[in-house]
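This report introduces one protein structure to a reader who has not met it before. Please look over the sequence and the model first, and then follow the text with both at hand.

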Amino acid sequence: MSWFKREDNEIVPPEGHEVRTEGLWIKCPQCRKVIWKADLEANLQVCTNCGYHFKFDARSRIANLLDEGYELVDGGLTSTDPLEFTDLKPYKDRLRQAQKKSGLNDAIINAIGRMGPHEIVLSVMEYSFIGGSMGAVVGETIARAVDRSLATRHPLIIVSASGGARMMEGIASLMQLAKISAGLAKMDDAKIPYISLMTDPTTGGVTASFAMLGDLNIAEPGALIGFAGPRVIEQTIRQKLPEGFQRSEFLLEHGFLDAIVPRRELKDYLINALSWMKDKA
């Protein structure tokens, strides 16, 4: 029995049946092709037609990079709203909404586990949580990842996805830049590898601190990476910026990055890079 009939070159469901496709498809912002979401998920949120890299949530990224059996750590911290910040909406309300939506306390997840032959400390930012902005909780969680690497001598990988420092926490947020950078300096002295992966976007104080301090600084294709945004820069200098300015390809060409690595090749690339670093240590 056929469930569908064709009328005027259109497939029409039989009377009494309804076909729902809403939410099953997504349009690629780069090539404009409509993609079945299941295919996109199977391809690690990378367009199957043009290779455009959609945003990738922190939990999925950890599962993709680490071997099975990894452990999530340092997840018990929450913001205290030190400034009792209120703008259009109280900061406490925004935190509660972000926590409910994401299931996270803040815009960061730490994990420990294996990546091939290497024991790894991994810290991954979550952009969906208030734009991946860095407040005291994000800063302290990354600082704990640094301390864990120093204690175990295991390499550290930080995956950045952030709009920058979290203005609702003021100086408490900005302090995190110096705190994390000081910890990374200790790792450098101890010759413990630190790899920084920048994804779309990595901006503001995150770029101005730990995201650019890796022994190896790499990025995904097409990622926006910079301090101030391109519109702010154009308004300040009153000039039109070059095509692709602040995208990872532009930064690689001008010496700000060591490599651009597609998401599907990332784990193998990191394993090889860490093996090379170990041999040179």
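In this model, which is predicted, Cys-31 lies in the loop between strands S3 and S4. With a relative accessibility of 26%, Cys-31 counts as partly exposed, because this value is not under the 20% that defines buried and not over the 50% that defines exposed. When neighbours within four places in sequence are left aside, the contacts of Cys-31 are Cys-47, Asn-49 and Cys-50.

Cys-28 is also placed in the loop between strand S3 (25-27) and strand S4 (34-36). Is Cys-28 buried or exposed? With a relative accessible area of 0%, Cys-28 is buried. Not counting residues up to four places away in sequence, Cys-28 touches Lys-33, Ile-35, Cys-47, Cys-50, Tyr-52 and Phe-54, so that Cys-47 and Cys-50 appear among the contacts of Cys-28 and are also in contact with Cys-31.

These four cysteines have an entry in a record. In an unreviewed entry, UniProt places the feature "binding site" at Cys-28, Cys-31, Cys-47 and Cys-50. Although these residues are spread over 23 residues of sequence, they cluster in space, with a largest C-alpha distance of 8.8 Å. Of these residues, Cys-50 is included in the lining of the second largest pocket. The unreviewed UniProt entry also lists residues 28-50 for "zinc finger region: C4-type". Over residues 28-50, the chain is 26% helix and 13% strand, and the C-alpha atoms at the two ends are 9 Å apart.

**The chain as a whole**

Turning to the whole protein chain, there are 9 helices and 12 strands. The C-alpha atoms of the chain fill a box of roughly 70 × 50 × 45 Å, taken along the principal axes. Of its 281 residues, 43% count as buried. Among contacts between residues at least 6 apart in sequence, 65% join residues at least 24 apart.

**Two helix pairs**

Two pairs of packed helices can be set side by side.

| Helix pair | Angle | Axis separation |
|---|---|---|
| H2 (residues 58-65) and H9 (residues 266-280) | about 55° | 9 Å |
| H4 (residues 136-152) and H5 (residues 170-189) | about 10° | 9 Å |

Why is the pair H4 and H5 described as roughly parallel? Angles under 35 degrees count as roughly parallel, and H4 and H5 pack at about 10°, so H4 and H5 are roughly parallel to each other. In this contact, Ala-136, Gly-139, Glu-140, Ile-142, Ala-143, Val-146, Ser-149 and Leu-150 in H4 meet residues of H5 that include Ala-172, Gln-176, Lys-179, Ile-180 and Gly-183. The residues of the contact of H4 with H5 divide into 9 nonpolar, 4 polar and 3 charged.

The helices H2 and H9, by contrast, are oblique to each other. Here Arg-61, Asn-64 and Leu-65 in H2 meet Leu-266, Lys-267 and Leu-270 in H9. The residues of the contact of H2 with H9 divide into 3 nonpolar, 1 polar and 2 charged.

**The loop between S5 and H3**

Two residues of the loop between strand S5 (71-73) and helix H3 (91-102) deserve a separate look, and one of them is Gly-76. Gly-76 is exposed, with a relative accessible area of 67%. Although Gly-76 and Thr-141 are 65 residues apart along the chain, their C-alpha atoms are separated by 9.4 Å.

Asp-74 has its place in the loop between S5 and H3 as well, and Asp-74 counts as buried because its relative accessible area is 18%, where the cut-off is under 20%.

**Backbone details**

Most residues other than glycine have a negative phi, and most peptide bonds are trans. Asp-74, however, has a phi near 60°, a positive value in a residue other than glycine. Arg-153, found in the loop between H4 and strand S8 (156-162), likewise has a positive phi, near 65°. Which form does the peptide bond from Asp-200 to Pro-201 take? That bond, from Asp-200 to Pro-201, is cis, with omega near -5°, and Pro-201 lies in strand S9 (residues 194-203).

Notes. Residues are numbered from 1 along each chain as its sequence is written. This is a predicted model: local features need pLDDT of at least 70, side-chain atom pairs count only at pLDDT 80 or more; totals for chains, interfaces and linings use all residues. Side-chain values use heavy atoms; hydrogens and water are left out. Axes are lines fitted to C-alpha atoms, for helices over the stretch in contact, and angles run from 0 to 180 degrees between N-to-C directions. Helices (H or I, at least four residues) and strands (E, at least two) are DSSP runs, numbered from the N terminus. Angles under 35 degrees count as roughly parallel, over 145 as roughly antiparallel, 65 to 115 as roughly perpendicular and the rest as oblique. Contact means heavy atoms within 4.5 Å. Ala, Val, Leu, Ile, Met, Phe, Trp, Tyr, Cys and Pro count as nonpolar, Asp, Glu, Lys and Arg as charged, and the others, Gly among them, as polar. UniProt positions are given in the numbering used here, feature names are shortened, and annotations may be inferred rather than shown by experiment. On a 1 Å grid over the protein atoms alone, a cavity is a set of points where a 1.4 Å probe fits but cannot get out, and a pocket is an open set with protein on both sides within 12 Å along at least five of seven lines; lining residues have an atom within 4 Å of a point. Buried means under 20% relative accessible area, exposed over 50%, partly exposed in between (1.4 Å probe, protein chains only).
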